[in-house]
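Colleague: Could you walk me through this model before I head back to the bench?
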Number of protein chains: 2
Amino acid sequence: MSGRLSRSGSGPGQRDILEAAAVAFTRAGYEATTIDDIADELGATKGRVYHYYRAKADIFLDVVLTGMEEMIAGVQPIASSTDISGADRLWRMVHHHAGLMMTRNSFQRVAVQAVEMHRLREHSTQKAALQKVITLRDEYEQLFADVIDEGKREGLFRDVDPRLATKPALGALNWISIWYDPDRGDYATVQRVAAEYADFIVNGLRRSRT
Amino acid sequence: MSGRLSRSGSGPGQRDILEAAAVAFTRAGYEATTIDDIADELGATKGRVYHYYRAKADIFLDVVLTGMEEMIAGVQPIASSTDISGADRLWRMVHHHAGLMMTRNSFQRVAVQAVEMHRLREHSTQKAALQKVITLRDEYEQLFADVIDEGKREGLFRDVDPRLATKPALGALNWISIWYDPDRGDYATVQRVAAEYADFIVNGLRRSRT
DNA sequence: GTCTATATGTGGATAGAC
DNA sequence: GTCTATCCACATATAGAC
C-alpha cells in the first residue's frame, strides 16, 4: 500500500534511480516516460528499477517530494527571519526559489509537473498521493502570503490580497523550470536571472511613491 | 502527411469535436487523454472522431493552434496601438491575456501544455508540428518585448533586458490556466484577477521614483 | 456519418534464472 | 541485486456494417 520501499533510508542504488528518473520525467513528462527510459538513463534494465520501487507512480512521487522538500528547506528559514523587513525577506525567498529552479532543474521541473496534475483526472492510486503534494504546496504558498502581508503592514506593499498575490509570483517562478535550459546557463547567468526575478516580483508589489 | 483534414473550413461537426477535445485534454493532459475520453465528452464513439481527424496528435494541434490564434487575435491589435504609451499598452495586453486564460480556460490550458512540451522528447510526428507552436510563441513574446522596450525608451520602465523580462510576465500569466477553476469564477472575479495581474506586471517593470 | 468490431503495438508489472 | 522473458491490460487506429 505504501508504494515505495523506503524514503528515509535511501541507499546509493536508490538515489541513482531517483536522479535518473528526475532526468527522464523532465525530458518527456510523467505519462510519456517509460520505465525503460528510466533504466536507459541509468544504464541498466527494468529489473533494477523494480527492485527499488513497486510502481512508476511511486518513483514519480519520490522525485516530487524530494524536490519540494529541498525547496522548502531553503525558503522556510528565510521566511522565518523576522529580523529583516518583509520586502527584503520576499526578495531573498524569490531569489532562492529562482536559483533552485535552475540549479536543480530536473527535480524542480518534476515537482511543478505534479502540481499541474492535481487538477487532472484521478490517476487512480495517485489521487491520494497528489493530495499530499497539494497540501505541501498550499503550505509553501502560505509562507509567501505571510511575508506579503507583513510587507503591507510595513507600508511597503500595495493593498493586495496576499493569497491572490502569490499566484503571479509563484507562477512566474515555476515557469522558469519550463523555459530554462540547464545546459546553457552558467553560474553568472543563474545569479543574474534570479536577481531579475526578485526585483521584478518585489517591485510588482511595492507601493509606488506618488 | 498534413494530418488534419481541414482547419479553415471546419464545419459544425468538427467544431464540436474540437470543443470536446479541449475539455478532455484540459482534464487529463495530452498523453493520458484517450480518444474514447474525447468521444465520451462528445456523447459519441471513436468512429465520429476518426471521421474528422486521422490522429490524436492532429486533434491536439488543432486545439492548440485555435487557442494561440485566438490569443494573438486579441493581443496583437493592442500591441499595435501606437497612440497610447508603452506602459498602458502593456497593461491592456496583460489584462486581455489574463482574461482569456480564464474565460477560454480549456483552449488556453491546452495551448500552454503544447508550449511546455517543446522541450520534451521527440514525439516523432509531433516534433515538426510543435516547431510551429514554438515559432508562434516566439512571435507572441516579441510583441511583449517590443512594448517593454518602448516603455524603457519613454523612461517609464527600468533598464531590463526586454526579452528576459517577458519570461516572468508570461510565466505568471500562463500559470493562470493551471490554478484557475472556471467553475468557480464569475465575471467580476475575472475582471478583478485580470486587473491585479496587469497592475502587478506593469508595476514590476516600472522605474521606482526615487 | 456514425457505429461496432478488431488488428496491432506498446508499456507496466511479475517470475524466475543467474 | 540485476538480468531476461513474459503476461496482460489498454489505447491508437482501421475495417467494414448500417
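Colleague: Which residues are closest to DNA strand D?
Modeller: In this predicted model, 14 residues surround DNA strand D, and the closest are A:Thr45, B:Ile35, B:Lys46, B:Tyr50 and B:Lys56, where near means that a heavy atom of the residue lies within 4 Å of the strand.

Colleague: And what sort of residues are they, by class?
Modeller: The surface near DNA strand D has five nonpolar, five polar and four charged residues, with Tyr counted as nonpolar and Gly as polar.

Colleague: Which helix gives the most?
Modeller: That is α3(A), with four residues, although α3 (46-52) of chain A and α3 (46-52) of chain B each supply at least two; helices here are DSSP runs of H or I with at least four residues.

Colleague: What do the polar contacts reach on the strand?
Modeller: Taking a polar contact as a pair of N or O atoms within 3.5 Å, a polar side-chain atom of A:Tyr52 lies 3.3 Å from a phosphate oxygen of DNA strand D, while B:Ile35 places a backbone N or O atom 3.0 Å from a phosphate oxygen. B:Lys46, by contrast, has a polar side-chain atom 3.5 Å from a base nitrogen.

Colleague: Switching topic, how are chains A and B related?
Modeller: Chain A can be laid on chain B with an RMSD of 0.0 Å by a turn of 180 degrees and a shift of 0.0 Å along the axis, superposing by least squares the C-alpha atoms of residues with pLDDT of at least 70 in both. That is the relation of a two-fold axis.

Colleague: Any caveats on conventions?
Modeller: Residues are numbered from 1 along each chain as its sequence is written, and chains are lettered from A in the order in which they are written. Local features need pLDDT of at least 70 and side-chain atom pairs count only at pLDDT 80 or more, whereas totals for chains, interfaces and linings use all residues, and side-chain values use heavy atoms, leaving out hydrogens and water.

Key: A polar contact is a pair of N or O atoms within 3.5 Å; within protein, one must be able to donate a hydrogen and the other to accept it, and residues adjacent in sequence count only if both atoms are side-chain atoms.
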